[in-house]
Amino acid sequence: MSVISLRRTSSIAAAACLGLVATSPSFAATVTGQVDATITLTSACEVNGSNGTTGVEFGTIDFGSQTTLFSQADGELVGGAQSGISIQCSPGQDATLTFLAGINDADAGAYTRAMAGNGQFVPYNLYSDSGRQTVLDNGDELTVVADGSAQTIPVYARAFGNDGLAAGTYSDTVQVSLEF
């Protein structure tokens, strides 16, 4: 085989390959349409960043360390990493925060609540104002006006000393509900 014939065969082979590419099938029709997406949102509220509905931690009040002879000690509810309870609800979904009974309320005497320890009780009250003038009794409600941003609800407290208290740790648990 001569060089001319080899070149001619290579050219024909190359043209055949190009012809295969050039003769790929063309589309006869085009189908168009759409994809639908949907989501259903329901109103919600979060307490201190938690959106659960049971066992939510509304916060802690720590009166610190006092002597057994103290007359009164002030505290403030801390929820998460901040003072007060942080509540964030869907815009327009106002909520009602209700303070319910504590474990030792029956032993609070002239006060609303009591912390128990060593078979004794330290009475205390919760307040809605920093001056500790407006007591939050069992069943008292605070309204949370929801605009979609986190609202901080401050809660203050004052414990009252009694004669004859023994040294030790005293505690109470108050139930709280948020309805929206």
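This is a short talk on how one protein chain is folded, going from its overall make-up to its sheets, its core and a few pairs of side chains.

Please keep in mind from the start that we are looking at a predicted model. The protein holds 1 helix and 12 strands, and if you read along the sequence you meet the helix and then the strands, in the pattern α-β-β-β-β-β-β-β-β-β-β-β-β. Of its 180 residues, 28% count as buried. When we take the contacts with a separation of 6 or more, 72% of them are between residues 24 or more positions apart, and several of the examples that follow show parts of the chain meeting in that way.

Let me turn to the sheets. One open sheet has 3 strands in the order β1-β5-β10, and the pairing is antiparallel. Its edge strands are β1 and β10, which covers residues 150-153, and each of these pairs on one side only. If we ignore direction, neighbouring strands in this sheet are turned by 25° against each other on average. Between β1 and β5 there are 3 bridges, and these two strands run antiparallel; within this part of the fold, V47 stands opposite I87 in β5.

Another open sheet, also described by 3 strands, has the order β9-β6-β12 with antiparallel pairing. Here β9 and β12 stand at the edges, and because each has a single partner strand, one side of each is left without a neighbour in the sheet. The average turn between neighbouring strands of this sheet is 20°, direction ignored. For β6 and β9, which run antiparallel, there are 4 bridges, and T98 can be found opposite E141 in β9.

What joins C45 to C89? The answer is a disulfide, with a distance of 1.9 Å from S to S, and the structure holds 1 disulfide in total. This link connects distant parts of the chain, since C45 lies in strand β1 and C89 in strand β5, 44 residues apart. The angle about the S-S bond is 115°, and the link is right-handed. Are these two cysteines buried or exposed? C45 has a relative accessible area of 6%, so this residue is buried, and C89, at 4%, is buried as well. You may recall that β1 and β5 are also joined by 3 bridges, which gives us two descriptions of how these strands are connected.

Now to the interior. As a general point, nonpolar side chains in soluble globular proteins tend to be buried together. In this model the largest nonpolar core has 29 residues, of which I85, I87, L97, F99 and L178 touch the most other members. The elements that give two or more residues to this core include β1, β5, β6, β9 and β12, and these are strands we have already met in the two sheets. I87 makes a good example to look at in the structure: leaving out residues up to four places away in sequence, I87 touches E46, L97, V144, S149, A150, Q151, I153 and L178.

We also have 2 aromatic pairs to consider. In the pair of F63 and Y124, the ring centres are 6.0 Å apart and the planes stand at 65°, so the pair is edge-to-face. F63 sits in the loop between β2 and β3, while Y124 belongs to strand β8, and the two are 61 residues apart. With a relative accessible area of 12%, F63 is buried, and so is Y124, at 5%. Y111 and F160 make a stacked pair, with 4.2 Å from centre to centre and 15° between the planes. Y111 is in the loop between β6 and β7, F160 is in strand β11, and 49 residues separate them along the chain. Y111 is partly exposed, at a relative accessible area of 33%, whereas F160, at 12% relative accessibility, counts as buried.

I will finish with a residue at the surface. S65 is found in the loop between β2, residues 60-61, and β3, residues 72-79, and with a relative accessible area of 73% it is exposed. The C-alpha atoms of S65 and T169 are separated by 9.3 Å, although these residues are 104 residues apart along the chain.

Terms used: Residues are numbered from 1 along each chain as its sequence is written. This is a predicted model: local features need pLDDT of at least 70, side-chain atom pairs count only at pLDDT 80 or more; totals for chains, interfaces and linings use all residues. Side-chain values use heavy atoms; hydrogens and water are left out. Buried means under 20% relative accessible area, exposed over 50%, partly exposed in between (1.4 Å probe, protein chains only). A nonpolar core is a set of buried Ala, Val, Leu, Ile, Met, Phe, Trp, Tyr and Cys residues joined through side-chain atoms within 4.5 Å. Contact means heavy atoms within 4.5 Å. A disulfide is a pair of cysteine sulfur atoms within 2.5 Å. Two strands pair if DSSP finds at least two bridges between them. Axes are lines fitted to C-alpha atoms, for helices over the stretch in contact, and angles run from 0 to 180 degrees between N-to-C directions. Rings of Phe, Tyr and Trp (its six-membered ring) pair if their centres lie within 6.5 Å; planes under 30 degrees apart count as stacked, over 60 as edge-to-face and the rest as tilted.
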